[in-house]
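User: Could you take a close look at one helix for me and tell me how it sits among its neighbours? If other parts help for comparison, bring them in.

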Amino acid sequence: MSDEFKRTYPEIDDWTDSRELLAHARQQAKERQLDDVFIVDIDSHISDGGNWPEIMGYVEDPVVREAASAFGNGSKRGAFLNGSEGLQWQNVWGRIPHGQGLKEPVESSELSRETILARRCIEQMGLDYQVMFPNAMLFLGMHPVREMEIHLATAYNRWLVERVLPEDPRIRAMMYLPFNNPVEAEETVRRFLGKPGVAGFLVTSSRHKPVHTNEYMRLYAMLEEAGQVLGFHTHLNWQDEYTSQLNRFISMHAISFVLCNLVHLTNWIINGLPERFPKLKVMWIESGVAWLPFIMQRLDHEYMMRTSEAPLLKKLPSEYMREMFYTTQPLERTNETLLAASMDAMKAESQMLFASDWPHWDFDLPATIWDLSFLDEKAKRNILGLNAARIFDLEIPEKYLALAAE
Amino acid sequence: MSELFVAKAEELADRERRIVVEGALEIGVFRLGDEFFAWENICPHAGGPVCQGRIMNRVNEVLDSEKRSHGYEFVEQDVHIVCPWHGYEFNIRSGAHPGEPKTQLRGFTVAVRDGAVYVII
């Protein structure tokens, strides 16, 4: 279908069709024969903000559902959402139009706008599956009204499961856990586990809630027993005391998108959660790769001197880190020597999964992985899709099995 | 070597561009004043359609004699094309990235003859 899209080579603006915008991605896929490679995009972003009025229809509490109409001049747009200061800066002051979300028109259809947009990306990038994540809801962990996270997360999860996911089996999603409310997070797992298209469960990492707190143990046990992935998706927080000193988005983004996962991962390991839940599949999403060798070395170094503070551990922190999973984007690749060492340290061949982060401003393409000179083809195929198939238990389309048999 | 017709010179205004295509080759031809510049529509970063991005002037930070910052300013003579995929900027006259000049667009020669603009490939 993508081959039929007629390019017009316009100046790209906020409303440009993403098939035009991603035409070079299609070209890259053809040149590299990536259509013969099984590719899973673990992290793309949905326009939950644009769909918010529709999502508000899935709020279960009748009082809250009714109150949504009081927002956005009656449109329900942005109802109850807390802040999006950082998101408004993503397009580099207008330089990267899609950084502020896709505004392109879509044909009138029974399909949801999200499915149409996802299909455009899937076709241009040559993907087999794409896992969706929220956008505006990435701030919810900082919401001043703790229970609002429950109302909004349930509405969003229902909207995905009932409206979007049934439209295309290639589209999957991780269910938003209202993590500030551990009992409700457990209820989310009970309610949505096994629903078609549900790929796992998600913690948005911008929050001040230590992951080792005892009240989460039942949740982790449930996920471990169910064989589900628990993903920590990073986000910005420009209001923390340290990050609030940073006067440029570049500075805040470089640090803040790593900081929250640094804190959660450190708590996760030092408190021995990998020993308590050895089969739980934990994934760290959208912090890139460069932070990993830093925290590996730092924790190993200190652990050897302060072993008594982490008595549950039976090996080095870095060894536990090599058993967890990481998405690739944003792949910091200005220094390929450092990147190669980082990916080797992380056992990238078995532990890393390709993620595009489309349509965000720092998205990556499958070619980003395919073109890395230090990886062999097996490692590239694992990172681009086979690791995801293993971890998320995805069916690999027959055409790849036939190719493998040839 | 062959020539591709781009446009009549009068059809391209100052700070405008035209994309010309020959097979898989895409070239952006830009006009700045009376000069024309041609660059391949492939960003050296990730392969994005760089020539289809916004045309913006270079941004400078203003310092006074005591090296205190007074914010940003546009530099009129340095006109950039910004790749719409990830924001990489390139000077339209030199094809060089302003922060790391070794990162460079692939250029083509432009010929203006009898009021028409051609790019030589």
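Analyst: Sure, let's go with H11 of chain A, and keep in mind that this is a predicted model. On its outward side, A:Phe294, A:Met304 and A:Met305 are exposed. Facing the other way, the buried residues of H11(A) are A:Trp291, A:Leu292, A:Met296 and A:Leu299. Looking down the axis, those buried residues fall within an arc of 125°, so they line one face of the helix.

What sits over that face? The cover for the buried residues of H11(A) includes helix H9 (249–270), helix H12 (317–321), strand S7 (325–327) and helix H13 (336–345), all of chain A.

The length checks out too. H11(A) runs over residues 291–305, and at 1.5 Å a residue its 15 residues should span 21 Å; the end C-alpha atoms are 22 Å apart, which agrees.

For a second helix in chain A, try H7 (residues 182–192), where A:Glu184, A:Ala185, A:Thr188 and A:Phe192 are buried. They cover an arc of only 105° around the axis, which puts them on the same side of H7(A). On the other side, A:Val183 and A:Arg190 are exposed. Covering the buried residues of H7(A) are, among others, helix H6 (148–164), strand S3 (171–176), strand S4 (198–204) and helix H8 (217–226) of chain A. Just past the end of H7(A), A:Gly194 takes a positive phi of about 85°.

Now for the wider packing. The largest nonpolar core has 135 residues, and those with the most contacts inside it are A:Tyr156, A:Phe354, B:Val29 and B:Val50. Take B:Val50: leaving out residues up to four places away in sequence, it touches B:Asn41, B:Ile42, B:Cys43, B:Ile81, B:Cys83, B:Tyr88, B:Phe90 and B:Leu105.

One of those contacts, B:Ile81, leads into the strands of chain B. B:Ile81 is the bridge partner of B:Ile55, in the antiparallel pairing of S5 (residues 55–63) with S6 (residues 69–82), which has eight bridges. The hairpin of S5(B) and S6(B) has five residues between the strands, and B:Lys67 there takes a positive phi near 65°. S6(B) also runs antiparallel to S7 (residues 89–91) of chain B, joined by three bridges, with B:His80 opposite B:Asn91. That second hairpin has six residues between its strands, and B:Gly87 in the turn has a positive phi of about 90°.

Technical notes
Residues are numbered from 1 along each chain as its sequence is written. Chains are lettered from A and ligands numbered from 1 in the order in which they are written. This is a predicted model: local features need pLDDT of at least 70, side-chain atom pairs count only at pLDDT 80 or more; totals for chains, interfaces and linings use all residues. Helices (H or I, at least four residues) and strands (E, at least two) are DSSP runs, numbered from the N terminus. The expected span of a helix is 1.5 Å times one less than its number of residues. A residue is buried if 20 or more other C-beta atoms lie within 10 Å of its own, exposed if 12 or fewer, and partly exposed in between; C-beta atoms are placed from the backbone. The arc is that of the directions from the helix axis to the C-beta atoms. Two residues are in contact if their C-beta atoms, placed from the backbone, lie within 7 Å. A nonpolar core is a set of buried Ala, Val, Leu, Ile, Met, Phe, Trp, Tyr and Cys residues joined through C-beta atoms within 7 Å. Two strands pair if DSSP finds at least two bridges between them.
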